[in-house]
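Visitor: Please take one part of this structure and go through it closely. I would like the surroundings of a single aromatic residue, then whatever connects to it.

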Amino acid sequence: LVIVISVYMLLYARQIGDVAGERIRAVYGRMVKMGRAIDGSSPPEALHKLRKKGKELRYLLELFGGLYPDEVVKPMLKTLKSLQDTLGRFQDREVQAQMLRSLRDEVADRDDGAAALMAMGLLVDRLEREQAAARSEFAERFAAFRPKRQRALVARTFG
């Protein structure tokens, strides 16, 4: 009975590994395609979509990574996390600046609104600079995530 259960579990794990591998490979490929399309004129939404796709890949790698060699999964997770950090910083600054801008009219109507508006303007300026820095950092982080050798390794490992 123990042997039968062990064989069944091995077969089941192999099937899960096959499905997970296909999905990991597909999501990674989609991320590479999405990231390559991003340039200096891309809207913030393009980076946000890439960030969301990265979350999906990270969940897959963290959930099913134990089925694959650590020497493939761990470095992949490391570069993915670095990319996600940059994309997250970019998105956070975008949302924060938009929120401050949305409060402009409400703050302007207050008695002490002028001073508050000036402070908000300085904050928006700082957020925009930090967002621009994250966008500049994106190319470097993405390049580390998708080199040719990594794409080949993904195809071999999760194929």
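Guide: What follows is a walk outward from one phenylalanine to its ring partners, a helix pair and a further ring pair. Bear in mind that the model is predicted.

Start with Phe138. It sits in helix 5, which spans residues 113-145. Its relative accessible area is 6%. The cut-off for buried is under 20%, so Phe138 is buried.

What surrounds Phe138, once its neighbours within four places in sequence are set aside? The contacts are Gly35, Ile38, Leu47, Leu50, Leu83, Thr86 and Leu87. Phe90 is another residue to locate from here. In sequence, Phe138 and Phe90 are 48 residues apart. In space, their C-alpha atoms are 9.0 Å apart.

Now the helix pair. Leu47 and Leu50, both in contact with Phe138, are among the residues of helix 2 that touch helix 3. Leu87, also in contact with Phe138, is one of the helix 3 residues in that contact. Phe90 is on the helix 3 side too. Helix 2 covers residues 44-64 and helix 3 covers residues 70-102. They pack at an angle of about 145°. Their axes are 9 Å apart. The crossing is left-handed. On helix 2, the contact includes Pro44, His48, Arg51, Gly54 and Leu57. On helix 3, Val73, Met76, Leu77, Leu80 and Gln84 are among the residues involved. By class, the contact has 11 nonpolar, 5 polar and 6 charged residues.

Next, the rings. The structure holds 4 aromatic pairs. One of them joins Tyr68 and Phe158. Their ring centres are 4.6 Å apart and their planes meet at 65°. Edge-to-face requires over 60 degrees, so this pair is edge-to-face. Tyr68 lies in the loop between helix 2 and helix 3. Phe158 belongs to helix 6, residues 148-158. The two are 90 residues apart, so the pair links distant parts of the chain. Tyr68 is buried at a relative accessible area of 10%. Phe158 is buried as well, at 2%.

Back to Phe138. Its ring pairs with that of Phe142. The pair is stacked, with 5.5 Å centre to centre and 20° between the planes. Both residues lie in helix 5, 4 residues apart, about one turn of the helix. Phe142 has a relative accessible area of 4% and is buried. Ring pairs extend the group further: Tyr28, Phe138, Phe142 and Phe145 are linked into a cluster.

Definitions and conventions:
Residues numbered from 1 in each chain as written. Predicted model: local features only at pLDDT ≥ 70, side-chain atom pairs only at ≥ 80, totals over all residues. Heavy atoms only, no water. Buried < 20%, exposed > 50% of the residue type's maximum accessible area, 1.4 Å probe, protein only. Contact = heavy atoms within 4.5 Å. Axes fitted to C-alpha atoms, helices over the stretch in contact; angles between N-to-C directions. Left-handed = near helix turned anticlockwise from the far one by under 90°. Nonpolar A, V, L, I, M, F, W, Y, C, P; charged D, E, K, R; others polar. Phe/Tyr/Trp six-rings, centres within 6.5 Å; stacked < 30°, edge-to-face > 60°.
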